[in-house]
Amino acid sequence: MATPARPRSSASSSSFPRADRIRKRADFVRIQNGGHRVSTRHLLILVAAPAAAPHRGGVARRGETGAALAPPRAPRLGLVASRKVGGAVERNRAKRLLREAFRRFPELFPERVDVVVILRTGAGSLGLEDVLAELRSVVPVLRRRARDALAVARAPAEHAAARDAEEPPARSR
């Protein structure tokens, strides 16, 4: 008689779903070029508002200003580790630790934004507690940068909504 297979750990604690990841190069480039920066000794954290998703049918929800509202969502995480961090083992370990911090401690990351973390030299030798300490030290700054990023992204949409709300000028004959 075969022994039953051992159950794996729960998906909620060990998975990193696609919806939580930044996967496209265009998203990385957008965030790296226009993101708000927060720096620590071993991490460079870039925070940006999510890209406007193309409308795919249905009725768009609208806020008080008439601008389309994006549904509230969890932050997305992208990781960048160059060879300066170390060999493949060190780079992958450092990225694994950051993903673990992202999963287990969501309060450290602001909501509704895209976050790219660029690992710096020495990040490969950090432990989970070291990563958490660096992240905790910049939480207020991260939240402030996230508010700034969301405000900058919202300003053009509000400007367009205000322009559309204006009555067209009357034609003279």
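**Exercise 1. The nonpolar core**

Task: Determine how many residues the largest nonpolar core has and which of them have the most contacts inside it.

Solution. Step 1. A nonpolar core is a set of buried Ala, Val, Leu, Ile, Met, Phe, Trp, Tyr and Cys residues joined through side-chain atoms within 4.5 Å. Buried means under 20% relative accessible area, exposed over 50%, and partly exposed in between (1.4 Å probe, protein chains only).

Step 2. The model is predicted, so local features need pLDDT of at least 70 and side-chain atom pairs count only at pLDDT 80 or more, while totals for chains, interfaces and linings use all residues. Residues are numbered from 1 along each chain as its sequence is written, and side-chain values use heavy atoms, with hydrogens and water left out.

Step 3. The largest nonpolar core has 31 residues, and I45, L98, V117 and L135 have the most contacts inside it. At least two residues of this core come from each of β2, β3, α3, β4, α4 (128–137) and α5 (139–165). Helix α3 gives the most, with 5 residues. Helices (H or I, at least four residues) and strands (E, at least two) are DSSP runs, numbered from the N terminus.

Step 4. Contact means heavy atoms within 4.5 Å. Not counting residues up to four places away in sequence, I45 touches residues that include V117, L135 and L142. A second, separate core of 7 residues includes I22, F28, L44 and A48.

**Exercise 2. Strand β2 and its partners**

Task: State how many residues of strand β2 are buried and which of them point each way.

Solution. Step 1. Strand β2 covers residues 43–48, and 6 of its 6 residues are buried.

Step 2. In a regular strand the side chains alternate between the two faces of the sheet. In β2, L43, I45 and V47 point one way, whereas L44, L46 and A48 point the other way.

Step 3. Two strands pair if DSSP finds at least two bridges between them. Strand β1 (residues 36–39) pairs with β2 in the antiparallel sense over 4 bridges, and S39 stands opposite L44. These two strands form a hairpin with 3 residues between them.

Step 4. Strand β4 (residues 114–119) runs antiparallel to β2 and is joined to it by 6 bridges. Here L43 stands opposite L119.

**Exercise 3. The sheet and helix α3**

Task: Give the order of the strands in the open sheet, and state which strands α3 touches.

Solution. Step 1. The open sheet has 4 strands in the order β1-β2-β4-β3, with mixed pairing.

Step 2. Strands β1 and β3 stand at the edges with a single partner strand each, so one side of each is left without a neighbour in the sheet.

Step 3. Axes are lines fitted to C-alpha atoms, for helices over the stretch in contact, and angles run from 0 to 180 degrees between N-to-C directions. On average, neighbouring strands of this sheet are turned by 20° against each other, direction ignored. Helix α3 packs on the sheet and touches β2, β3 and β4, and its direction makes about 160° with that of β3.

Step 4. Helix α3 (residues 88–104) has 17 residues and reaches 24 Å from its first C-alpha to its last, close to the expected 24 Å. The expected span is 1.5 Å times one less than the number of residues. Among the buried residues of α3 are A94, L97, L98 and F102.

**Exercise 4. Salt bridges**

Task: Find which residues meet D27 in salt bridges.

Solution. Step 1. A salt bridge is a side-chain nitrogen of Lys or Arg within 4 Å of a carboxyl oxygen of Asp or Glu. The structure holds 6 salt bridges.

Step 2. R30 and D27 meet at 3.8 Å, N to O. Both lie in helix α2 (residues 25–34), 3 residues apart, about one turn of the helix. R30 counts as partly exposed because its relative accessibility is 25%, whereas D27, at 14%, counts as buried.

Step 3. R76 also meets D27, at 3.4 Å, N to O. This pair links distant parts of the chain, with R76 in strand β3 (residues 76–81) and D27 in helix α2, 49 residues apart. R76 is buried because its relative accessible area is 18%.

Step 4. In helix α3, R104 and E100 lie 4 residues apart and meet at 3.5 Å, N to O. R104 is partly exposed, at 47%. Salt bridges that share partners join D27, R30, R76 and D114 into one network.
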